[in-house]
Each structure stands twice: as C-alpha cells, then as structure tokens.
Amino acid sequence: MSKKQMKLGLSMRYMGYHLGAWRHPDLPVDGASQFRSYLDVAKVAEENKFDLLFLADGIGIRYDDVPKGSLCRSSHNVELEPLTLFSALASRTQHIGMIATASTTYNEPYHIARKYGSLDQISGGRCGWNIVTSWSEQEAWNFNRAKHLDYDTRYERAAEFVDVVTGLWDSWDSDAFIHNKASSVFYDESKLHVLNHVGKHFSVRGPLSVRRSPQGRPILVQAGTSEVGQQIAARHCDIVFAAQQNMKGAQNYYSSVKSRLESCGRSEDDLLMMVGLTPIVGRTREEAQEKYRQLEELVDPLVGLSILKRSFGDLSHLDLDGPVPAPDLENAGIRSSANMYYETARRENLSIRQLYKRIAMAQEHLTVIGTGSDVADAMEEWIETKAADGFNITPTHLPHGLNDFVQYVLPELHRRGRFRKEYEGQTLRQNLGLREPQSMYA
Ligand SMILES: Cc1cc2nc3c(=O)[nH]c(=O)nc-3n(C[C@H](O)[C@H](O)[C@H](O)COP(=O)(O)O)c2cc1C
C-alpha cells in the first residue's frame, strides 16, 4: 500500500510569524510591505510544489499599546491586504493555490462571494477563503462600532454568512453560458438560480454576477475551534487550519471534526486538517538550537508582554521570571489559544518571560527544532497517527524559513514518499485531492 502523502501550505503573513524578526540582521526591515518579497517566496514555494500559499489577516492594528511602548517596537502593524496581494500573485504563478483570510463580522456576504469568485476566475481555480470571525475591539472601531460583537453572535452571523456565500456561488450552473451568437442567447435561463435568502442577519436576493468557479467553488478553510466553528467546518469546509501543539490534543481535535462529517452527508476524506508548523531547521541539531536561541534574543520584553495581554491581561506588574497566571478567558480574543498557552506554561513550568519568548516566535503554532530528518519524523508521525493531513508552514521569518525547509526537510519527505514532486491537477481542489461540491440546485 502506498504511503499517505501530506499536503503543504506556506503561510506568508508579515513575511514571518516572529514578532521581532524585522530586527534579524539578514532581513530587509520593510519586507512585509514589498510585493517583491512575496513574489520571490511564492515562486520558490511553487517550484517546490507546495499546495498553497496562505495569508492570515486582521482588519486593523489589533494590538493596543499595552504595556506602553510595545506597539512601536513590533513590525506586525503594516502589511498588504490578502485578496489584493493574491490577485497580483495569481498573474505571476501557474499552479499554486492561494488562501486569503476574510472576516464574516466586518464584511457583507455578497462582497465576499464576488471577490473570491473573481479571484478564482483570474487564477484558474486556485483560490480559497479562510473564514474567520475576527476577535479584536480595534477592528470594531474601524467599522462603525464602539464594541466588538459578542462571541456567540459572531459565530451565529458567521454560520449564516457562509450559507449565503456558498448559495451565491451556486447562482450559475457550470454550463449556463451557451453564448449562441446566431440566436442571440448568452445564457440558458433555466441554469441561473436566484438565492432569495432571508435570515436573521442577512437578506440577499442574488444572483451573483460572477460565473461558477472553475473548481466548483473556492476552497473553504476554517480555523476556530469552538463548537460552532467545528460545525461550520463539518458542513462546508475543505480544510481546517489547526493550531495544535501536542499530538494527543491534535488527534482529539482531528477526530472531533471528522466525526461530524457523516451527519452532514460528507466523508472523512472531504476535509483536510492542516496543522500550523514552525520548523527551525539546521544541518545539525546544535545549529538548529543556535538559530532558535538567536531568534529568542530578538524578542523585546515589551512586545512579549503585549502578546500575552490578549490572553492573560496586562502582566507587566508581575515578576517576569515568576509563574504564568490563569488566562482572562472572558476578555481573551481567541479562547482556544489562551487555554493552549496556559496549558503549555503549566506543563513545561514556563515563566512569563519564557512563555512570551515562545509565543513571539510562532504564536500558537507547533514548533519543531532540529535537523531535516527530525522535522520530517515529527511530520510523518502526525500524519500516521491521524493528528494531521498536512501542515501549513508558519515560518519565523521569510525567505529563510522556507529556504531551510526546502533545503533540509523537503528532500527527506521526498525520500520517504510523503510529498509530491509534480502537481497532479490544474485547480487547487484537484491538487488537494478533493471532490467538487455539487450545486445546491443539482
Ligand atoms: C489557527 C487559527 C488561525 C486564525 N487566524 C485568524 C486570522 O487570520 N484572522 C482573524 O481575524 N482571526 C483568526 N483566527 C480567529 C478565529 O477566527 C476565531 O475568532 C477564534 O478562533 C475564536 O475562538 P475559538 O478558536 O475559541 O473558536 C484564527 C484562529 C485560529 C485557531
């Protein structure tokens, strides 16, 4: 029996997840605002047959300046808008998929259906939407609100939002356009469907003014771990982007999401779990550890504390070498992350300083430090034990994190028969090995 192959994504946000990476001596300080940086990285990822590029997103500067002086010490304040950036990258690449994040809290479904529908046409069926609910007050302030919507309302709105978007994407059958110049008929009227959605949060008539996607519909991705988040994933999504740091927890999450698929008329293979992975790789283990140590030194204590604030409140009055207090779940932006950080701190007996250094490097994602073979071992184990179907690589800094992965880890994955050497299909859906969804009118 052939071995299970893994899926690989490359997350490019801010040109790296490390909050202090802009201080790294080998990096241009303003790489995250330069189109050229993303293009170069996208080309290397495509040459190496990555399934997809991924851009997380927030619609505002989401940190507040607590503790004072933290905001101006982080580069994670300026970036390029994902759909705009991917539209440009789509014209310079041929095979690689592109997953852009967009919020269901601060958008209208018609806008999202139209923009992603268009990017899918432009890219020839290589686009996807990472569905998020947003979590910060700062975003609310940019959209006419004094306060962020509460957690339950956000998810309720998200569930209806996704129903509307997928409904709009079914507006046209794929063979609707007959383009008969002689009879003067452009499309077959029986193959256009009007949604007429009326719900609690949205009234959307439709139809959508973009034709059906070359891959049936754009790939749908979901990242939230709550009950409703998992339900949305089971109903609609092709990928779950998971932040999991230990294998047992990942296995539980994997089976929790997959067990919901059957009741939605889907099978286990219809949804891929891709775990965020930050590899720190060297020729030897010592070299990898040394790279990690250098990266730790780039974490400014004020920036470190500002990261913890999202989950624990302001800890600047506490001894940084003392224990981590319980998270402030009521006010935490992402509850699942807050819980995970606390569990990690308790399990490994980390001080406040040690915890923020850890999070500043890769945020909530799994970090593996070692040789190419060590990283490949970990990846294989997660795939084999149903903790993951693939990985979204979340490098500390780019292009170095990608180049190291390509140089040290990828040859190991090839040798072990775990990752492709050529793209199999034309669209992102085909390359992911996923079936085209049927239209709701079929
Ligand atoms: C791995 C992961 C990635 C996420 N990426 C984003 C993002 O790019 N933008 C965003 O606004 N929210 C993002 N979120 C937040 C979710 O949309 C959602 O608000 C949050 O997960 C809610 O908490 P829950 O995980 O407890 O359900 C992410 C969450 C996770 C777990």
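Helix H9 (301-312) and helix H11 (352-362) are among the elements that cover the buried residues of helix H10. In this predicted model, the buried set of H10 is made up of Ser 337, Ala 338, Met 340, Tyr 341, Tyr 342, Thr 344 and Ala 345. The spacing in that list is worth a look, because an α-helix has 3.6 residues a turn, so residues three or four places apart point the same way. The length of H10 also works out: 13 residues at 1.5 Å each should span 18 Å, and the end C-alpha atoms are indeed 18 Å apart, so the two values agree. Just past the end of H10, Asn 349 takes a positive phi of about 55 degrees.

H10 also turns up at the ligand. Helix H5 (151-169) and helix H10 (335-347) each supply at least two residues of the shell around the ligand. That shell holds 19 residues, and the ones that come nearest are Asp 57, Thr 133, Tyr 151, Tyr 155 and Ser 336. Sorted by class, the shell has nine nonpolar residues, seven polar ones and three charged ones.

Which side chains put a polar atom by an oxygen of the ligand? Tyr 151 is one of them, with a side-chain N or O atom 2.6 Å from a ligand oxygen. For Thr 133, a polar side-chain atom sits 2.8 Å from an oxygen atom of the ligand. Ser 336 likewise has an N or O atom in its side chain at 2.8 Å from a ligand oxygen. As for how much of the ligand is covered, it exposes 600 Å² when taken alone, and the protein buries 95% of that.

Next comes strand E1 (residues 7-11), which contains Gly 9. Is Gly 9 buried or exposed? Its relative accessible area is 0%, so Gly 9 counts as buried. Setting aside neighbours within four places in sequence, Gly 9 is in contact with Phe 50, Leu 52, Met 274, Phe 391, Asn 392 and Ile 393. Phe 50 is 41 residues away along the chain, yet its C-alpha atom is separated from that of Gly 9 by 5.9 Å. One of the other partners, Leu 52, belongs to strand E2 (52-55). Phe 391, Asn 392 and Ile 393 belong to strand E11 (390-393).

After E1, the chain runs into the loop that leads to helix H1 (35-47), and this is where Tyr 14 is found. Met 15 has its place in that loop between E1 and H1 too. Phi of Tyr 14 is near 55 degrees, a positive value in a residue that is not glycine. Met 15 also has a positive phi, near 55 degrees, and is again a residue other than glycine. Tyr 14 has a relative accessibility of 14%, and since buried means under 20%, Tyr 14 counts as buried. Met 15, at 8% relative accessibility, counts as buried as well.

Finally, there are cis peptide bonds to point out. The bond from Val 66 to Pro 67 is cis, with omega near -5 degrees. Pro 67 sits in the loop between strand E2 (52-55) and helix H2 (82-90). The bond from Leu 398 to Pro 399 is cis as well, with omega near 10 degrees. Where does Pro 399 lie? Its spot is the loop between strand E11 (390-393) and helix H13 (400-415).

Note on methods:
Residues are numbered from 1 along each chain as its sequence is written. This is a predicted model: local features need pLDDT of at least 70, side-chain atom pairs count only at pLDDT 80 or more; totals for chains, interfaces and linings use all residues. Side-chain values use heavy atoms; hydrogens and water are left out. A residue is near a molecule or strand if one of its heavy atoms lies within 4 Å of it. A polar contact is a pair of N or O atoms within 3.5 Å; within protein, one must be able to donate a hydrogen and the other to accept it, and residues adjacent in sequence count only if both atoms are side-chain atoms. Accessible areas come from the Shrake-Rupley method with a 1.4 Å probe; for residues, only the protein chains shown count as cover. Helices (H or I, at least four residues) and strands (E, at least two) are DSSP runs, numbered from the N terminus. Ala, Val, Leu, Ile, Met, Phe, Trp, Tyr, Cys and Pro count as nonpolar, Asp, Glu, Lys and Arg as charged, and the others, Gly among them, as polar. The expected span of a helix is 1.5 Å times one less than its number of residues. Buried means under 20% relative accessible area, exposed over 50%, partly exposed in between (1.4 Å probe, protein chains only). Contact means heavy atoms within 4.5 Å.
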